[in-house]
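Let's take a walk through this one together, starting with how the parts meet and ending with a few backbone oddities. Keep the viewer open as you read.

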Amino acid sequence: MLLNIVRARLQQKHRTMPFPSASAPVLPDRFRGLPELDVGKCSPDCRACAEACPTGAVTTRPKLTMDLGRCLFCADCAKACPHGAIRFSNQYRLAATRREDLCYDGSMHRLARALDCEARRLFGRSLKLRQVSAGGCNACEADVNVLNTPVFDLGRFGIQFVASPRHADGLLITGPVTRNMLEALKKTWEAVPAPKLVILAGACAIAGGPYRDRPEVLNGATDLFPVNLFVPGCPPHPLTILDGLLRLLGQLA
Amino acid sequence: MKPDCFESLRNGMTVGLDRIPRVDIATFRDAVIGAVSAGERLSALFAVPEKRLDPGAAGFRLLAVLARDADGTLSVVSATVAEAYPALTPACLQAQGFEREIHEQWGLLPEGHPWLKPLRFQARYPDAAGSSAAPTIGLTDFFRLEGDEVHEVAVGPVHAGIIEPGHFRFQCHGENVYHLEISLGYQHRGVEPALVGGPDRRTLHFVETLAGDTTLGHAFAYAQVVEGLAGAKVSARAQALRGIALELERLANHTGDLGALAGDVGYLPTAAYAGRIRGDFLNLIALLCGSRFGRGMVTPGGVGFDADFYRIRELLERLDRAEKDVMTATELLWDTASVMARFENTGIVSRELCETLGLVGPAARAGGLRRDVRCDFPSGIYRFAHIPMAVLTMGDVFARAFVRRLEIQRSIEFIRNQAGSLPEGPIGQELGPLGANRLAVSLIEGWRGEICHVTLTDAQGRFAHYKVVDPSFHNWLGLAMAMRDQPISDFPLCNKSFNLSYCGHDL
C-alpha cells in the first residue's frame with residue numbers, strides 16, 4: 001500500500017516548470033497568441049478582416065488595428081484576409097495595465113507595468129485574490145485554477161486564491177458580467193478591504209467577449225471598477241495569466 | 001400511447017415542419033407521458049410562438065423530443081396552446097425544469113405544476129404571452145423545514161473556490177440534510193435568443209462558450225445540426241478527428257474530476273497528480289488546434305485543423321505517457337481505505353430515481369442505466385467505432401468516480417485506434433444554404449452526458465428557434481436528491497461527483 005504511493009510518487013516526478021527563472025515551456029505550434037499585422041499588405045478598401053470578426057475587435061480605418069481586449073483569438077480575421085496581412089504568433093505575453101494599451105496596431109504591444117512602490121511593498125510578496133465568475137463559461141475559470149497545480153505552483157510567487165473577499169487583496173474577475181451577477185460582484189468588491197486590486201481575465205471580463213452588446217450582460221467589468229490588469233484571451237493561456245500577475249507584482253523584468 | 005402521434009427521426013437528421021404531428025394538448029400530454037412511462041426520455045420540451053413558424057398564426061407551439069435508447073429512435077410531437085395548458089410535470093417529473101423554463105420565457109402557464117418558480121430569473125421574451133417585470137435574481141420561495149433543531153444553510157452565489165456562481169439552500173436537521181434546493185440563473189447570458197436569426201459570424205462562438213469546458217461537445221452538436229440542414233456529408237477523416245477531440249475533452253474532464261474528488265476527501269497525492277494530468281490532456285487538444293479547450297477544432301462541415309503523420313505520432317506518444325500517469329495516479333484511490341470509506345454509500349441515487357429524473361451521462365450509468373449517446377444514437381465516427389459502455393449499479397460517489405475511470409481507459413483505447421488508422425480525405429467543406437422550414441435534432445455524448453440541440457428554420461433557412469439542452473439541465477435535480485439524508489459535510493464530495501455546469505444550465 002505505502003509502497004504503491006511511493007512508487008506512484010516516483011513515477012509522477014517533479015513537474016513544476018522552471019519559468020520564470022528559465023524560459024517558459026514551448027507552446028504548441030498552433031497556439032494563437034499576439035497577432036502580427038503587416039499593414040503594408042492591406043489594400044485601401046478591403047474590410048474582409050473587420051467583417052469576419054465576431055466581436056468587432058478589428059478595425060481597418062484609419063489603419064488596421066486590433067483590440068486585443070475584444071479579440072477571441074479565433075483567427076477568423078486571418079482566414080478572411082485575402083492578402084495575408086494578419087498572422088497569429090506564438091507569443092503568449094499579452095497582459096496590459098491600461099485598457100487602451102490593448103489596442104494594437106502591429107508596432108509595439110505595451111505589456112503590463114509593475115504596481116507603484118507602495119503597492120508592491122504591500123502586495124509584492126503576498127497577494128491574496130478572490131476569484132469571481134460573473135457569467136464566465138468555465139474556460140477562464142479552469143485555466144485560472146490550473147495555476148494552482150504543481151506545474152505552475154502559483155504559491156511559490158506568494159500568490160494565493162482565497163475563499164473570502166475579506167481575506168483578499170483584490171478580485172480576479174471572469175465573465176461578461178451578467179445582470180444576474182452584478183449585485184453579487186459589487187458586494188464582493190465592496191467586501192475586499194482597501195487598498196485593493198482588480199484583475200480582469202478573458203475577453204468577456206474585459207469587453208463582453210462573444211456576448212458583447214447582448215442585453216443580458218454588461219460588456220465586462222472594465223467600466224465597473226478601477227482595473228489594475230487586463231489579461232486578454234478566450235480563454236487566456238495559464239502562462240498569459242501568470243506572466244501578467246508576475247509583471248504586476250514586479251517579479252518579471 | 002398512440003405511436004402514430006409521433007414523427008420519428010434519427011440523430012442528426014431533419015424533418016420538414018409540416019411533417020411534425022400537431023395534435024391537441026390532451027393527446028400531446030398522453031403521448032409524452034405514455035412514452036416516458038414506457039422508458040423513453042424527454043430530451044427536450046420547449047415552446048415557440050406560432051408566428052415564427054407561420055406569420056399569420058397565434059398562440060404557441062409546444063414541441064417535445066423523446067429519445068428511445070433501446071433502438072436509437074428520436075420522436076417529435078407538437079401541440080398548439082394559447083396561454084395555459086395542463087402541466088405534464090405531475091405525471092412526468094422529467095418535464096419539471098422544461099415547464100418552468102417555458103413559463104419563465106413565454107409566460108405560458110403549465111397549470112398544476114407543483115413548484116413553478118423561476119429557473120434562471122430571466123426577463124420574458126419579446127413575443128411572450130402577457131408581460132411581467134423581470135424577476136430579481138434569487139428572490140423566490142424555498143422549501144422550508146419547521147421544528148426544533150432545524151436550521152437552514154444558504155451558500156452562494158459566490159463560492160469559496162474558483163468556480164461558477166449558484167445558490168444552494170439546505171434544510172438541515174442537525175448535521176443531516178433533509179432537502180437541498182438549487183437556485184441558478186446567475187450565469188444567464190441569453191445564448192438561445194442570441195442564436196436566433198443565425199447562423200452568422202458569432203454563432204459558432206456562442207456555441208463554443210455556452211459551456212466552455214464542453215466546447216467540443218457543443219460545437220460537435222451544433223455542427224451536426226447545420227450539416228443535417230444543409231444536407232452535407234462529413235468526410236471520414238473529419239469524423240475521426242472530431243471523435244479524437246471529443247474523447248480528449250472527456251479524458252481531461254474525467255481526470256480533473258477524479259483529482260478533485262480526491263482533494264475533497266483530503267487525499268492529496270491523486271489530487272495533485274490528476275490536476276496536472278488533466279492539463280496534459282488539454283495540451284493534446286491544443287496540439288491539434290492550438291486551444292486547450294478545442295476552440296476552432298470542430299467547424300460546420302468538418303474540422304478546422306488537420307493532423308499529419310508527425311502530429312499524430314506525437315499525440316500518440318504523449319497519450320501513452322498520460323495514460324501511464326493517470327492510471328497510477330487514480331489507482332491509488334481504489335487502494336486507499338480512507339478514500340473508499342468516504343466514496344462508498346455516499347450520495348446514492350437509485351436506479352429508479354435516475355430513471356424518473358431522466359439523468360444522463362456518468363451519473364446515470366453509475367446508477368445502473370445503460371444510456372450513452374455514443375452507443376444508443378451513434379453518429380459520425382461512433383457509427384463505425386464502438387465504445388463499450390461503462391455501467392455500474394451502486395449509484396454512489398464511488399460508482400460515479402469509477403465510471404469515469406473506466407471511461408478514461410476506453411476513450412484512450414478509442415483514440416489510439418482512430419489515430420492509428422486515420423482515413424484519407426478532406427477535412428472540411430463549404431456548406432450550402434440550410435433547408436427552410438425544417439426541424440433538426442442532434443445528440444452528442446459530452447463528458448457530462450447527453451447534449452441535445454434542436455433547431456427550427458424559417459422560410460429563409462435561418463434559425464427561427466434554437467434549443468440547447470446541456471446534460472446539467474437534467475442532472476442538477478439528481479444532485480439535490482443525492483444529498484437527501486446525507487451529512488452536509490458530504491456536499492462538496494457529492495457535488496464534485498456530478499460536477500455540473502452552471503453556464504450550460506443558465507445559457
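What follows goes from the chain interface to the domains of one chain, and then to some local details. Keep in mind that this is a predicted model.

Start with the place where the two chains meet. The size of an interface is often given as the accessible area lost when the parts come together. For chain A and chain B that comes to about 4700 Å², with 54% of it on carbon and sulfur atoms. Chain A puts 60 residues into the contact and chain B puts in 58. If you want to pick out the big contributors on the chain A side, go to Arg30(A), Asn180(A) and Tyr211(A): they supply 16% of the area that chain A buries against chain B, more than any other three residues.

There's some charge pairing here too. Side chains of opposite charge can pair when their charged atoms come close. Across the interface of chain A and chain B there are three salt bridges, and one between Asp325(B) and Arg15(A) has an N to O distance of 3.1 Å.

Now zoom in on a pair of helices from the two chains. Helix α1 of chain A (residues 2–12) and helix α8 of chain B (residues 268–289) have axes that come within 11 Å and cross at roughly 35°. The crossing is left-handed. On the α1(A) side the contact is made by Ala8(A), Arg9(A) and Gln12(A), and on the α8(B) side by Tyr273(B), Arg276(B) and Ile277(B). Sort those residues by class and you get three nonpolar, one polar and two charged.

Stay in chain A and step past α1. Lys13(A) is in the loop between α1 and β1, and its phi is near 60°, a positive value in a residue other than glycine. Pro20(A) is found in the loop between α1 and β1 (35–37) as well. The peptide bond leading into it from Phe19(A) is cis, with omega near 5°.

Over to chain B, which is divided into domain 1 (3–111), domain 2 (150–183) and domain 3 (191–506). Look at how domain 1 and domain 3 of chain B sit against each other. Their centres, taken over C-alpha atoms, are 26 Å apart, and each domain brings 35 residues to the contact. Together they bury about 2800 Å², and carbon and sulfur atoms give 62% of that. On the domain 1 side, Asn11(B), Thr14(B) and Arg41(B) lose the most area to domain 3, together 22% of what that side buries.

Arg41(B) deserves a second look. Three salt bridges are counted between domain 1 and domain 3 of chain B. Arg41(B) forms a salt bridge with Glu450(B), where the closest N and O atoms are 2.7 Å apart. Arg41(B) also forms a salt bridge with Asp69(B), at 2.9 Å between the closest N and O atoms. That second pair links distant parts of the chain: Arg41(B) is in strand β4 (residues 41–49), while Asp69(B) is in the loop between β5 (60–68) and β6 (73–81), 28 residues apart. Over all chains, the salt bridge count comes to 50.

One last stop in chain B: a cis peptide bond joins Gly156(B) and Pro157(B), with omega about 20°. You'll find Pro157(B) in the loop between β9 (150–155) and β10 (167–173).

Key
Residues are numbered from 1 along each chain as its sequence is written. Chains are lettered from A and ligands numbered from 1 in the order in which they are written. This is a predicted model: local features need pLDDT of at least 70, side-chain atom pairs count only at pLDDT 80 or more; totals for chains, interfaces and linings use all residues. Side-chain values use heavy atoms; hydrogens and water are left out. Axes are lines fitted to C-alpha atoms, for helices over the stretch in contact, and angles run from 0 to 180 degrees between N-to-C directions. Helices (H or I, at least four residues) and strands (E, at least two) are DSSP runs, numbered from the N terminus. A crossing is left-handed if the near helix is turned anticlockwise from the far one by less than a right angle, and right-handed if clockwise. Contact means heavy atoms within 4.5 Å. Ala, Val, Leu, Ile, Met, Phe, Trp, Tyr, Cys and Pro count as nonpolar, Asp, Glu, Lys and Arg as charged, and the others, Gly among them, as polar. Domain bounds come from an automatic or database domain assignment. Buried area is the accessible area (1.4 Å probe) that two parts lose on being put together, summed over both. A salt bridge is a side-chain nitrogen of Lys or Arg within 4 Å of a carboxyl oxygen of Asp or Glu.
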